[in-house]
Amino acid sequence: MDRNQGVKSKGRKVRAPAEGPSAEADFVALKAGGIIRQRQKDRYTMRLKCPGGRLPLERLARILEVAHRYGGDHVHLSARQSIEIPYVSLSDTDRVRRSLAEVGQEIASCGARVRVPTACAGCELNPLGLVDTQRMARLACDRFFGQGPLPHKFKMAFSGCPNDCPHTSTNDLGFQGAVEPELDEGACTQCGLCVAACKEGAIRQDSATSTPRWIPEKCLYCGDCVRACPVDAWRARRTGWMVRVGGKHGRHPITGATVAEFLPDEKVLETIEAVLAWYRKFGQGKGRVRLGALLLEPRTWRQFVADLAPVLGQWAVRNPSPPRPNEIHLMKSGA
Amino acid sequence: MNDEKRPTLRPRRRVNLTASRCPISMVRAKLALDALAAGETIELVLAEGEQIQDIPRTLKQEGHRVLRVNRKGANYHLIVCKGC
């Protein structure tokens, strides 16, 4: 059961002031999520919306101010890059919300909704970044954040490279930057740096001509060869997003499946929209079920792949493997 | 470019980074390059593995150019031109 379940369930009294304009607003905010009941009586943690973990300094300053005034002696950094202000009294939550809204800082969500997307620093800061994860996380957040009701929560992550720090394979929908290299043999000086730079052994030097040979089956599309090549003989043929669906953490983790490769920026929002629509439709009447749990069933997976094919178009992976359960607990036999 | 201005492939200075670990190896490479004038060259000796995987791409991103690579056993000898 979610920690905030009790607040939302019918029959439980919401601790709001008996009078005053904030009472109704508090209740609305509680239902929208982002205000999480603590084990301490009348204390709530307010989860803030920080898409991609990026927080302008002006907002940070205001967060500090309201945390001093209404919170405890610390803030908490959530596992999904949000700042959370604990120890807020329910009667103060609306004041906190309004004060933060003055600088554009919103409250995040919880429950069966689209959550705030996470992202790494991406190509703006990270030398390894292949794509603009921050921009895409912001666009996805602006368009889809809070959408619901869904069968269950829906998490997205944007990663700039195959190092995959934001864990795209453990999100309901994950996008990871990738570059497909190609070699201009005429420009290549056969120096061998790309062979040495490739961590995957995906480039070997031809024994007769010393020309590098690319082995796509071993390639993770990280772009190390492109970055290392002193004469720019290795170039990016395609840059885009690897798209993973059906991943999750939690009690029974699932590793997401890659359904598209090198998806261009302009297809990302359309893909999210299609996956959400599919999840809403096929999750209906199945209870509190994550996308990945639905997709474990082979027939449902085939249906999903077929339904998404027109949206993913030429970038769709052919016959993709389904998501895989990744049991982490000791499951005693016979239990 | 005439011959006088062409970066030399026989630099006077060689820096062996093979005993250093990341990030010290990269810091030492940067310090060595800082001491050069633009267009001058230096020989950097890198170990296979992490050093040869990471340092050349950083050199390129910082505007330097690897002019030549010689493999000697487990090490790579790079002739690097500052700002070329």
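This report walks through a predicted model with two chains, A and B, starting with the overall build of chain B.

**Chain B at a glance**

Let's begin with the parts list. Chain B has two helices and four strands, and if you read along the sequence you meet them in the pattern β-α-β-α-β-β. The radius of gyration of chain B is 12 Å, close to the 12 Å that the globule rule gives for 84 residues, so chain B is as compact as a globular protein of that length. If you boxed up its C-alpha atoms along the principal axes, you'd need a box of roughly 35 × 25 × 20 Å. Of the 84 residues in chain B, 29% are buried. Now look at contacts between residues at least 6 apart in sequence: in chain B, 66% of these join residues at least 24 apart.

**The sheet in chain B**

In what order do the four strands of chain B lie in the open sheet? The order is 1-2-4-3, and the pairing is mixed. Strand 1 (14–16) and strand 3 (65–72) of chain B sit at the edges, each pairing on one side only. From one strand to the next, the twist averages 20°. Inside the sheet, strand 2 (residues 41–47) of chain B pairs with strand 4 (residues 75–81) of chain B in the antiparallel sense, over seven bridges. To spot this pairing on screen, find B:Leu44, which stands opposite B:Leu78 in strand 4 of chain B. Helix 2 of chain B packs on the sheet and touches strand 2, strand 3 and strand 4 of chain B. The direction of this helix makes about 150° with that of strand 2 of chain B.

**How the two helices meet**

Helix 1 (residues 24–34) and helix 2 (residues 50–61) of chain B pack at an angle of about 40°, and their axes are 10 Å apart. Their crossing is right-handed. Which residues of helix 1 of chain B meet helix 2 of chain B? They are B:Ser25, B:Met26 and B:Ala29, and across from them in helix 2 you'll find B:Gln51, B:Ile55 and B:Thr58. Sorted by class, this contact has three nonpolar, three polar and no charged residues.

**Where chain B touches chain A**

The contact between the chains takes twelve residues from chain B and eleven residues from chain A. On the chain B side, the elements that give two or more residues are helix 2 and strand 3. Helix 2 of chain B gives the most, with six residues. By class, the side of chain B that touches chain A has five nonpolar, two polar and five charged residues.

**Strand pairs in chain A**

Over in chain A, strand 4 turns up in two antiparallel pairings, listed here with strand 2 and strand 3 as partners.

| Strand pair in chain A | Sense | Bridges |
|---|---|---|
| Strand 2 (residues 44–47) and strand 4 (residues 83–88) | antiparallel | three bridges |
| Strand 3 (residues 76–77) and strand 4 | antiparallel | two bridges |

A handy residue to look for is A:Glu84 in strand 4 of chain A. A:Arg47 stands opposite A:Glu84, and A:His76 stands opposite A:Glu84 as well. Strand 3 and strand 4 of chain A also form a hairpin, with five residues between them. In the turn of that hairpin, A:Gln81 has a positive phi of about 65°.

Notes. Residues are numbered from 1 along each chain as its sequence is written. Chains are lettered from A and ligands numbered from 1 in the order in which they are written. This is a predicted model: local features need pLDDT of at least 70, side-chain atom pairs count only at pLDDT 80 or more; totals for chains, interfaces and linings use all residues. Axes are lines fitted to C-alpha atoms, for helices over the stretch in contact, and angles run from 0 to 180 degrees between N-to-C directions. A crossing is left-handed if the near helix is turned anticlockwise from the far one by less than a right angle, and right-handed if clockwise. Two residues are in contact if their C-beta atoms, placed from the backbone, lie within 7 Å. Ala, Val, Leu, Ile, Met, Phe, Trp, Tyr, Cys and Pro count as nonpolar, Asp, Glu, Lys and Arg as charged, and the others, Gly among them, as polar. Two strands pair if DSSP finds at least two bridges between them. The radius of gyration is taken over C-alpha atoms; the globule rule is 2.2 Å times the number of residues to the power 0.38. A residue is buried if 20 or more other C-beta atoms lie within 10 Å of its own, exposed if 12 or fewer, and partly exposed in between; C-beta atoms are placed from the backbone.
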